[in-house]
Amino acid sequence: MKFAFFMMPLHLPSENPSLAFQRDIDLINYAEELDFDEFYIGEHHSAGWETIPSPEMALAKASATTHRIKLGTAVSSLPFHHPFHVAERFAFLDHLTRGRAVLGAGPSGLPTDTQLFNIPPQDLNPMMRESTEIIVKLLETPGPVSHEGRYWQIKDMALQLRSYQQPRLKMATASVGSERSLDFAAQYEMI
């Protein structure tokens, strides 16, 4: 049996953010000492309490002081980021962690984040799915990739760095167990 830790990066608005972030990193190290297998951090941009806008940066810092625990996002809100940038950043993170990175893909669960980026709620899930398709193609294809979709268009783009894990880094997604979300997870062999 495997055990994972999901951290909602809650920080009191009144506390010192630098100290709060260090406490988060210390918690990841403690989770590894307790033999947790995986540690996941969420991404938010607008609530004022969950103040980690780029979980992969926190995970990169944690990778310098941990050695075994897998480090993932729960989730990276894919509608807010260009898929090429996500694929590129996570391939890089996968090298920094020596194959311990997990890209947690999601549409975003915080209404104020969605409002901040001015994305209609009905577009979030289709944007995430299209973005995931592109990210997987970029991570698995050694040559240029093109995609002409509803939300994203890329032409002859290739990653300069493939992920450490092959054929690509591990991916995960949040699910409430619906058939549609389970099919999505299975399609991309998500954990």
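Val 75 sits in the loop between strand 3 and strand 4 (helices, H or I with at least four residues, and strands, E with at least two, are DSSP runs numbered from the N terminus). The peptide bond that leads from Ala 74 into Val 75 is cis, with omega near 0°. Please keep in mind that this is a predicted model, where local features need pLDDT of at least 70, side-chain atom pairs count only at pLDDT 80 or more, and totals for chains, interfaces and linings use all residues. Residues are numbered from 1 along each chain as its sequence is written, and side-chain values use heavy atoms, leaving out hydrogens and water.

Most residues other than glycine have a negative phi, and most peptide bonds are trans. Here are some backbone spots to look at:

| Site | Backbone value | Place |
|---|---|---|
| Ala 74 to Val 75 | cis, omega near 0° | Val 75: loop between strand 3 and strand 4 |
| Gln 166 to Pro 167 | cis, omega near 10° | Pro 167: loop between strand 7 and strand 8 (170–173) |
| Arg 98 | positive phi of about 55° | loop between helix 3 and strand 5 |
| Asp 156 | positive phi near 50° | strand 7 |

Arg 98 follows helix 3 and is exposed, with a relative accessible area of 63% (buried means under 20%, exposed over 50% and partly exposed in between, using a 1.4 Å probe and protein chains only).

Helix 3 itself covers residues 83–96, and its 14 residues should span 20 Å at 1.5 Å a residue, which agrees with the 20 Å between its end C-alpha atoms (the expected span is 1.5 Å times one less than the number of residues). Its buried residues include Phe 84, Val 86, Phe 90 and Leu 93. Among the elements that cover them are helix 2 (55–63), strand 5 and helix 5.

Leu 78 lies in the loop between strand 4 and helix 3. Leu 78 counts as buried because its relative accessibility is 0%. Leaving aside neighbours within four places in sequence, its contacts (heavy atoms within 4.5 Å) include Val 86, Gly 106, Met 128 and Trp 152. The C-alpha atoms of Leu 78 and Ser 108 are 7.6 Å apart, although 30 residues separate the two along the chain.

Val 75 returns in the largest pocket, which has a volume of about 250 Å³. Of its 21 lining residues, the closest to the centre are Val 75, Gly 106, Pro 107, Ser 108 and Ala 174. A pocket is an open set of points on a 1 Å grid over the protein atoms alone, where a 1.4 Å probe fits, with protein on both sides within 12 Å along at least five of seven lines; lining residues have an atom within 4 Å of a point. The volume is the space filled by probe spheres set on the points, which are joined across faces, edges and corners.
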